[in-house]
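Work through the exercises below with the coordinates open. Try each task before reading its solution.

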Amino acid sequence: MGVTVGVLKEVCHTTGQPAERRVATVPRVVEALRKLGAEVVIESRAGESAGFLDSEYEARGAKIVATAAEVLATAQIVLMVRIGYSPAFDSRHTLIGFCDPLGDPRIALTWLVNELSRHGVPLSSDQVVITGTCVKPMPIAVGDQIEADF
């Protein structure tokens with residue numbers, strides 16, 4: 001049995017509204033993936049805002065399904081432009097796309113905490129998660145106290 005690659009419609013995970021005009025793959029890439037032996041499942045209208053119709057994907061060998069849940073039920077690899085947190089993702093899925101470190105940091109932190117917890121790694125209140133995109137580097141010595149306001 002070969003691998004199944006899924007493509008989701010890009011929507012904001014908090015509002016359900018379109019969040020991105022791009023699509024994670026184009027019809028000619030579907031054809032290349034099929035030649036490599038992969039099945040390709042695409043959520044209906046995933047490419048519409050980028051100018052690609054479902055029929056174009058189907059003509060290159062993709063199966064179009066109505067919902068994201070249908071994509072995630074069969075795909076082992078999920079292609080996305082912007083990877084966001086979703087409780088529907090699980091250990092069966094390999095996500096390929098851009099993480100959005102400059103997006104909402106609360107969502108990124110929630111995702112990190114959930115992933116760590118899922119793997120049995122707790123994040124306690126005395127631990128700090130800092131991303132280089134949010135904080136200017138500064139030297140910290142043992143015993144230094146740091147206060148941050150976000």
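**Exercise 1. Strand β2 and its neighbours**

How many of the five residues of strand β2 (residues 39–43) are buried? Then find the strands that pair with β2, and give the sense of each pairing.

Solution. The model is a predicted one.

Step 1: Apply the cut-off. Buried means under 20% relative accessible area. Four of the five residues in β2 are buried, so the strand is mostly covered.

Step 2: Take strand β1 (residues 4–7). β1 and β2 pair in the parallel sense, over four bridges. One position to inspect is valine 7, which stands opposite isoleucine 42 in β2.

Step 3: Take strand β3 (residues 63–65). Three bridges join β3 to β2, and these strands also run parallel. Valine 41 has lysine 63 in β3 as its bridge partner.

Step 4: Add the connection. Together with helix α2 (residues 54–59), β2 and β3 make a right-handed β-α-β unit.

**Exercise 2. The order of elements**

Count the helices and strands in the chain, then write their order from the N terminus.

Solution.

Step 1: The chain has four helices and five strands.

Step 2: From the N terminus on, the order reads β-α-β-α-β-α-β-β-α.

Step 3: Place the burial figure beside this order. The chain has 150 residues, and 24% of them count as buried.

**Exercise 3. Histidine 93**

Is histidine 93 buried or exposed? Locate it, and find the backbone atom that its side chain reaches.

Solution.

Step 1: Histidine 93 sits in the loop between β4 (77–83) and β5 (94–99).

Step 2: Its relative accessibility is 9%. The cut-off for buried is under 20%. Histidine 93 therefore counts as buried.

Step 3: The side chain of histidine 93 reaches the backbone oxygen of leucine 72, at 2.9 Å.

**Exercise 4. Salt bridges**

How many salt bridges does the structure hold? Work through three pairs: Glu31 with Arg60, Arg45 with Glu48, and Asp90 with Arg92.

Solution.

Step 1: The structure holds four salt bridges.

Step 2: Glutamate 31 and arginine 60 meet through their side chains at 2.8 Å, N to O. This pair links distant parts of the chain, 29 residues apart: glutamate 31 is in helix α1 (residues 27–35), and arginine 60 is in the loop between α2 and β3.

Step 3: Arginine 45 bridges to glutamate 48, with the closest N and O atoms 2.9 Å apart.

Step 4: Aspartate 90 and arginine 92 meet at 3.0 Å, N to O.

Step 5: Now tabulate the relative accessibility of each residue.

| Residue | Relative accessibility | Class |
|---|---|---|
| Glu31 | 31% | partly exposed |
| Arg60 | 34% | partly exposed |
| Arg45 | 49% | partly exposed |
| Glu48 | 42% | partly exposed |
| Asp90 | 27% | partly exposed |
| Arg92 | 47% | partly exposed |

**Exercise 5. A nonpolar patch**

Which residues form a nonpolar patch on the surface with Leu123? Then place Leu123 in the chain and classify it.

Solution.

Step 1: Leu109 and Val113 form the patch with Leu123. Together the residues of this patch have about 210 Å² of accessible area.

Step 2: Leucine 123 lies in the segment after α4 (105–118).

Step 3: Its relative accessibility is 33%, so leucine 123 counts as partly exposed.

Definitions and conventions: Residues are numbered from 1 along each chain as its sequence is written. This is a predicted model: local features need pLDDT of at least 70, side-chain atom pairs count only at pLDDT 80 or more; totals for chains, interfaces and linings use all residues. Side-chain values use heavy atoms; hydrogens and water are left out. Patches are made of residues with over 30% relative accessible area and no salt bridge: like charges are joined within 9 Å, nonpolar side chains (Val, Leu, Ile, Met, Phe, Trp, Tyr) within 5 Å. Accessible areas come from the Shrake-Rupley method with a 1.4 Å probe; for residues, only the protein chains shown count as cover. Helices (H or I, at least four residues) and strands (E, at least two) are DSSP runs, numbered from the N terminus. Buried means under 20% relative accessible area, exposed over 50%, partly exposed in between (1.4 Å probe, protein chains only). Two strands pair if DSSP finds at least two bridges between them. A crossover is right-handed if, with the strands pointing away from the viewer, the path from the first strand over the helix to the second runs clockwise. A polar contact is a pair of N or O atoms within 3.5 Å; within protein, one must be able to donate a hydrogen and the other to accept it, and residues adjacent in sequence count only if both atoms are side-chain atoms.
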